[in-house]
2 protein chains.
Amino acid sequence: MKIKKEVTIYDLAKELNYSPSTISRALNNHKSISKKTIKLIKEAAAGMGYRPNNLAAGLRNNKSNTIGVLISRINRPFMASLISGIEETARKAGYNVLISQSNDMYENEVSNCNALYDSRITGLIVSLSMETVDMAHFQKFIDQGIPIVFVDRVPDNFNSYKVVIDNYTAGYSATKHLIDQGCTRIAHFAGAQHRNIYEERKKGYLDALRESGLPIRDELIIHFKTLSFEEGNKATKKLLKMPEPPDGIFSANDTAAVSAIMCAKKMGVEVPQELAVIGFNDDPIASIMQPSLSTVSHPASKMGAISAKRILNHSGQNYDADLTEITVLGTEIIVRDSSLKRTRMLRSKTS
Amino acid sequence: MKIKKEVTIYDLAKELNYSPSTISRALNNHKSISKKTIKLIKEAAAGMGYRPNNLAAGLRNNKSNTIGVLISRINRPFMASLISGIEETARKAGYNVLISQSNDMYENEVSNCNALYDSRITGLIVSLSMETVDMAHFQKFIDQGIPIVFVDRVPDNFNSYKVVIDNYTAGYSATKHLIDQGCTRIAHFAGAQHRNIYEERKKGYLDALRESGLPIRDELIIHFKTLSFEEGNKATKKLLKMPEPPDGIFSANDTAAVSAIMCAKKMGVEVPQELAVIGFNDDPIASIMQPSLSTVSHPASKMGAISAKRILNHSGQNYDADLTEITVLGTEIIVRDSSLKRTRMLRSKTS
DNA sequence: TTGTAGGCGTTATCAT
DNA sequence: ATGATAACGCCTACAA
């Protein structure tokens, strides 16, 4: 097939009897060009079907108008909403979004990192893989003055922009809520402890128990690898078979919390009467399952938007100093049926 | 801050006493370069921290190693899995993925289309917005020999690659299943009829009724704009208040089906005994809610992988001919509790 | 306000 | 097997 020749600023220049530089300036709204000329040139450009070549502009500027995103998996409600927030904000500012998923594997994270770097992205937004410990693969961005925003799963040994929620308080409040409901043997589904968000949630859990004078029982703290449905199922089965089973579970994510409820049901354990459950994230499923799942809100889309804005605002600032700008968002406990031991008002309300 | 000078093939050339061309060829595994030299050069490149510049290579080749994705919304289970499938396949082949969401608005689709074009993507994967009717914005890709793969929500007045499921058969089978369960007044939640996937599902529904000798009642066919939870809720309420309410609903997506079940519960209508429901997509929620939702499988990730492969395999072939290569995937009815009127085996099985 | 010219990093062509 | 050179499209000092 014949491929149509693309229109360049040279073609426009010839057509309109201007120099290419004037065309270029006009298209970029350069102040030295009169409104009239700009309008004329832009209309001609549109008429001739001109489309800018980001590759050429990017090469010239050594930077593409692109934000890179590096996450574990796209098809998780939290991540999908995070990306959605990033995309929306970036798009409005005329930026594109390049995505990549590590599937929670360090090796993938490194190679995706390189792939994004090779595309000369304007900035990088990262939620670390479960495995990642070493952070060397991010250094080259810093060396080039390319801003990195870590979001949700952030490192604590690397200075950069960070966007997180207050995981400690969230963990504390979630646990406190269960205690308020009368739970005394509260289990915790903990995430990988080298990811500080999970460490913080657990700390909040521990402190809530301590403050209430409840004993900390190691056998009720289950350390998960990925907080998957399967892991949750297995853990719950084991817990409920204990001589003194827990009467409450605080899970570090909704997926595992849901599996706990389903497992309990199957084993004939009533939720919330015999076992109260609270999750984390407020996935869509939380409000729909029955009993509906109490959980902690996690403003995914907003975190994405903030992360993108960080990149957009960065432009040329230097942030390699030992300066770490952290944005901490609040969360709230969303009380639904799965943790309401005492009163049962709102029973059928979807929330 | 000081920005480190980036290493280019010229630096490598100087360092190794080769010409830039040789370096370039070696890095691209050109056959005229000996294995030994390639190894030498690649090792030096890695040692010196060389990273290729996709922008420059892309400009030179007038094509970036990037696949563009244009969808309605990322944070929908089907879409997230679709993207995930695309990303995984693209990544393995060394391609990047640029995403954009239209939020189901025509105007956004057009401008995103342009933004992706400006980045000189290798190929475009599209699931049309609900609004889109005119297809002119895609023409420029065809003119440049850039392949387009339409997936799921595809046009029927535009020749290109397409990846779809057999919506007619799916709609037929879903409806037939309800009939087999003894339903005689089956309602249908239909999507926007100018999107052929919804038209096909409806056709299947109608034919299933006809073949079974059941009357087609217009008042039981509800046309939705977006098949949202709210729309589903409203429609269900109206249906159940009819003098002769339906005893079955075939919804063109799971979201609306879930809302139907929840609405029915609230109104004291038993599912499936009084009202059987079957959805479409097999969203994660379908197997977890109670009663679990019968639905039609929709191989999102696989469709994404196939779409990406289409682009990767295209390389230079001409497909502007009046040739439309369509890949049709099969689906299957997933029977769960929400439609099992008669027998109740497997009651507590999650599916 | 507009034009000229050089270069961003890479690769393909042509030559050796 | 390797090298020299031009070109991809755009932007921006510098000049006018």
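Contact here means heavy atoms within 4.5 Å. By that rule, 60 residues from chain A and 60 residues from chain B make up the contact. The model is predicted.

**The interface**

The size of an interface is often given as the accessible area lost when the parts come together. Between chain A and chain B the buried area is about 5400 Å². Carbon and sulfur atoms give 55% of that area. The rule for polar contacts finds 30 residue pairs across the interface of chain A and chain B, both residues at pLDDT 80 or more.

Which elements of chain A give two or more residues to the side that touches chain B? They are α4 (54–61), α5 (77–92), β2 (96–101), α6 (106–118), α7 (139–143), α11 (254–266) and α12 (284–288). The largest share comes from α5(A), with 7 residues. By class, this side of chain A has 22 nonpolar, 22 polar and 16 charged residues.

**Symmetry**

Two copies of a chain are related by a rotation about an axis and a shift along it. Here a turn of 180° and a shift of 0.0 Å along the axis lay chain A on chain B, with an RMSD of 0.0 Å. That is the relation of a two-fold axis. How do the copies meet, and what share of the interface residues of chain A are also interface residues in chain B? The share is 100%, so the copies meet through the same surface.

**Strand pairing between chains**

Strand β2(A) is joined to strand β2 (residues 96–101) of chain B by 3 bridges. The two strands run antiparallel. Within this pairing, Val97(A) stands opposite Ile99(B) in β2(B).

**Salt bridges**

Side chains of opposite charge can pair when their charged atoms come close. Over all chains, the whole structure holds 24 salt bridges. The count between chain A and chain B is 4. Two of the pairs in the model are listed here.

| Acidic residue | Basic residue | N to O distance |
|---|---|---|
| Asp118(A) | Arg51(B) | 2.7 Å |
| Asp118(B) | Arg51(A) | 2.7 Å |

The salt bridge of Asp118(B) and Arg51(A) has an N to O distance of 2.7 Å. This pair crosses between chains. Asp118(B) sits in helix α6 (residues 106–118) of chain B. Arg51(A) sits in the loop between α3 (35–47) and α4 of chain A.

**Backbone exceptions**

Most residues other than glycine have a negative phi, and most peptide bonds are trans. Some sites in this model depart from that pattern.

Where are the cis bonds to Pro272(B) and Pro291(B)? The peptide bond from Val271(B) to Pro272(B) is cis, with omega near 10°. Pro272(B) is in the loop between α11 (254–266) and β9 (276–278) of chain B. Another cis peptide bond joins Gln290(B) and Pro291(B), with omega about 0°. Pro291(B) is placed in the loop between α12 (284–288) and β10 (295–296) of chain B.

In chain A, Asp282(A) has a positive phi, near 60°, and is a residue other than glycine. Asp282(A) lies in the loop between β9 (276–278) and α12 of chain A.

Methods: Residues numbered from 1 in each chain as written. Chains lettered and ligands numbered in written order. Predicted model: local features only at pLDDT ≥ 70, side-chain atom pairs only at ≥ 80, totals over all residues. Heavy atoms only, no water. Buried area = accessible area lost by both parts, 1.4 Å probe. Salt bridge = Lys/Arg side-chain N within 4 Å of Asp/Glu carboxyl O. Polar contact = N/O pair within 3.5 Å; in protein donor to acceptor, adjacent residues only side chain to side chain. Helix = DSSP H or I, 4+ residues; strand = E, 2+ residues; numbered from the N terminus. Nonpolar A, V, L, I, M, F, W, Y, C, P; charged D, E, K, R; others polar. Pairing = 2+ DSSP bridges. Least-squares fit on C-alpha atoms with pLDDT ≥ 70 in both.
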